[in-house]
Amino acid sequence: MKKLFIMLTICAAFLFTYGIAHSAITVQSVKGEAAVKAGNQWNQLQPGQTLAEGSKISTGVNSTAVLKIDNATITIKPMTMMKIFKNNTAKRESAVGLKFGRLNAKVQKIGKLKTDFKISTPVATSSVRGTEQDASNGAMKGPEFIAIENELEIETATGQESSISGDQSFQQSPDEAKPDPLLSDMQDSAFQPLYDPNNIDEQPVQDFANSDLIGGGDTGVFNTIDNLITEPQEQETDTTVNINVIWP
Amino acid sequence: MVTKKFIIFTVTAVMLFFSGNLFSQEMNSVEFINGIADKEEVTVGEAVKFFMMITENRSGSFDENVRQLIKAGVLDNGFDESQNSTLDRGLLAEMIAEKLNLKGSLLYLILPFERYAVKACIAENIMVDRVGEWDLISGGELIEIMTGVSVILETGRQK
């Protein structure tokens, strides 16, 4: 009986701690069509509904949804597709991925507690600490982050870091931000069969897959890793060109 | 007794059928947007449907949509594109320029051709300045363009 009581107490303590560490992500309000993906189906979000890490959320035309993630309030604007990658309340770390569309994130600062809220796109990630930002991402213009309040730290896929503040914005064209060509060796070796697994340096791909940028290697959101492996990047090379001009 | 049960059963079945239909209608634009998001090329039919969703908040069959857009002056009277043909940037730009009455390009006001409609859309920051009127449009690009259009329609703001 005593043993059972101890086991139950341990289980309860574990569940309580887990519950605190991964507190509920709740839907505050919904206007129009806003849905969460379950399997291959989109189900309408309802106010008060709780969502789990890994949820994919999308809004339709003229529709918005407001989510509460830890101490952050996320407003999902119309025609947006995003995913909640991480929500660890104990470490005060949250991360969402923005495939396309627009978000507004207000992260409340709690005393001197260190909080970290990241919005990731395939080519750049913004990190917010107690501030408000607008984030957008699209196929043509790429990601754009606007620091509405306080400071915002941006890191691109190529490792460049910058910070913006006071209504400044950061924009990067999707063409400019392709990660370093990881398969350059393959292109040089004409006699090797294409996509020979022995000829690919897998570590950078693995590092990229595990990075915060794509939240631990989700395959469905950005397909970045697939693109890196299946489509060798074009490389700019310096070539000497001799031009002989013969004056008539 | 049997008739009463039958009526109740039928009414319930009809209600469930319609509630299912209503639900699927509600999810129309989410499913549609996510369905085209990863496409490398979108069709005229998809663009016309999306355009109607954004500008009229409803969408019918391709023929109905085209009739509506011709009536509104967004499409030419002689519009004869099939719904499965690939969409080029010029046609979409012309639809947008007509609907929003864009004044960003002086040339488009003088010469209302697709080429200058694209320039008018670039001037309004709806499209980016590295494209021509013959370029095809991907699903991701169409979503971004339509987002720009909806923001202008919503706020009345033009750059």
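**Exercise 1. Find the strand that holds A:Thr59, then decide: is A:Thr59 buried or exposed?**

Let's start with the address: A:Thr59 sits in strand S5 of chain A, which covers residues 56-59. Keep in mind that this is a predicted model.

Next, look up the relative accessible area, which is 0% for A:Thr59. The cut-off for "buried" is under 20%. So A:Thr59 counts as buried.

**Exercise 2. Which backbone atom does the side chain of A:Thr59 reach, and which residues of chain B is A:Thr59 in contact with?**

First step: follow the side chain of A:Thr59, and you arrive at the backbone nitrogen of A:Met79, 3.3 Å away.

Second step: skip the neighbours within four places in sequence and go through the contacts of A:Thr59. Among them are A:Glu33, A:Ala34, A:Ile76 and A:Met79 from chain A. From chain B you'll find B:Val30 and B:Ile33.

**Exercise 3. How many residues does each chain bring to the contact, and what is the area buried between chain B and chain A?**

Count the residues: chain B brings 31 and chain A brings 22.

Now the area. The size of an interface is often given as the accessible area lost when the parts come together. Here, about 2,200 Å² is buried between chain B and chain A, and 58% of that comes from carbon and sulfur atoms. On the chain B side, B:Val30, B:Asn34 and B:Glu144 lose the most area to chain A, together making up 23% of what that side buries. You've met B:Val30 already, as a contact of A:Thr59.

**Exercise 4. How many salt bridges cross the interface, and which helix gives the most to the side of chain B that touches chain A?**

Start with the charges: the rule finds one salt bridge between chain B and chain A. Its partners are A:Lys99 and B:Asp38, with their closest N and O atoms 3.1 Å apart.

Then add the polar contacts, which come to ten residue pairs between the two chains.

Now for the helices of chain B. H1 (2-26), H2 (28-36), H3 (44-56) and H8 (139-155) each supply at least two residues of the side touching chain A. H8(B) gives the most, with nine residues. Sort that whole side by type and you get 15 nonpolar, nine polar and seven charged residues.

**Exercise 5. Is A:Gln41 buried, partly exposed or exposed?**

A:Gln41 belongs to strand S3 of chain A, residues 41-44. Its relative accessible area is 45%. "Exposed" needs over 50% and "buried" needs under 20%, so A:Gln41 is partly exposed.

Note on methods:
Residues numbered from 1 in each chain as written. Chains lettered and ligands numbered in written order. Predicted model: local features only at pLDDT ≥ 70, side-chain atom pairs only at ≥ 80, totals over all residues. Heavy atoms only, no water. Contact = heavy atoms within 4.5 Å. Buried area = accessible area lost by both parts, 1.4 Å probe. Salt bridge = Lys/Arg side-chain N within 4 Å of Asp/Glu carboxyl O. Polar contact = N/O pair within 3.5 Å; in protein donor to acceptor, adjacent residues only side chain to side chain. Helix = DSSP H or I, 4+ residues; strand = E, 2+ residues; numbered from the N terminus. Nonpolar A, V, L, I, M, F, W, Y, C, P; charged D, E, K, R; others polar. Buried < 20%, exposed > 50% of the residue type's maximum accessible area, 1.4 Å probe, protein only.
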